[in-house]
Amino acid sequence: MNVYRLASPNCDRTEIAVEHLILHYTAVDLQGTLDLFMNGDNEVSAHLIIDTDGGIYELVQCLEGKAWRAWHAGVSRYSGREMFNDHSIGIELVNLNGNLFSYTDAQYEALQQVVQVLKQSFPALADPEQVMGHEHIAGFRGKADPGLQFDWSRFYRECYPEMTAPERKAVCPEALQQALMPLAERVSAGASSGATVGDARYWQAISSLTESVVKLLKE
């Protein structure tokens, strides 16, 4: 597994007891994600980024047996637990909007490799119930990633074969997805993964709109 290692300043160099794995989408391309996470003024990070070509970037330590505290979950709660930055690893999948654009085969393959490594270091992650999306721990705030286009069935089949997979439903309503689809038409067919085309501010606005609607529906 080839890993590009960078050191984000946006973390606590404090070891955490890893109990969960949280999946996100970036809402910008790889360079935009690196610019965001490597800028200390932004106070946001994730442990890992997986690009559309399967490239793996470690920004906060987690792949060598110990994990530091990254800033990826924000205000969060699930099944009686809160403050997921304190006990979870965050993985960002490069995708402009995971409710509109599919993830690539290379991303699923790289994710499978990463999960196998993490399971060896963090026993809690051997349980498929411990893996969820940002939307499952912060959907009440409008968070909607990894979104409707993430194939949870495929993920569990590849990463947890022969184990019973939990149900993971996207919080973005399909009606909202269909309403947003015309906005995605500015992306060419050759960039249908949403990885390389488009004004970052435009796609961030689309994600913000998605989150605002989801939050209103949750209230």
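In the numbering used here, a UniProt position points to a residue of this chain, and an annotation of this kind may be inferred rather than shown by experiment. With that in mind, the record lists residues 8-147, in an unreviewed entry, as "domain: N-acetylmuramoyl-L-alanine amidase". The model discussed here is a predicted one, and in it the span 8-147 is 21% helix and 24% strand, while its end C-alpha atoms lie 25 Å apart.

Two pockets can be described in turn. Rolling a probe the size of a water molecule over the atoms shows where empty space is left.

| Pocket | Volume | Nonpolar lining residues | Polar lining residues | Charged lining residues |
|---|---|---|---|---|
| Largest pocket | About 470 Å³ | eight | 10 | five |
| Second largest pocket | About 160 Å³ | six | two | four |

The largest pocket holds about 470 Å³ of space, and of the 23 residues that line the largest pocket, Thr-26, Glu-92, His-134, Lys-143 and Glu-211 are the closest to its centre. Which elements each supply at least two residues of this lining? They are strand S3 (20-25), helix H1 (30-37) and helix H6 (200-218), and the largest share, four residues, comes from H6.

The second largest pocket, with about 160 Å³ of space, has a lining that includes Arg-5, Leu-6, Ala-7, Ser-8, Cys-11 and Arg-13, and Glu-58, Leu-59, Val-60, Gln-61, Glu-64 and Trp-68 belong to that lining as well. By class, the residues around the second largest pocket divide into six nonpolar, two polar and four charged.

Terms used
Residues numbered from 1 in each chain as written. Predicted model: local features only at pLDDT ≥ 70, side-chain atom pairs only at ≥ 80, totals over all residues. Heavy atoms only, no water. 1 Å grid on protein atoms, 1.4 Å probe; cavity = no way out; pocket = protein on both sides within 12 Å on 5 of 7 lines; lining within 4 Å. Points joined across faces, edges and corners; volume = space filled by probe spheres on them. Nonpolar A, V, L, I, M, F, W, Y, C, P; charged D, E, K, R; others polar.
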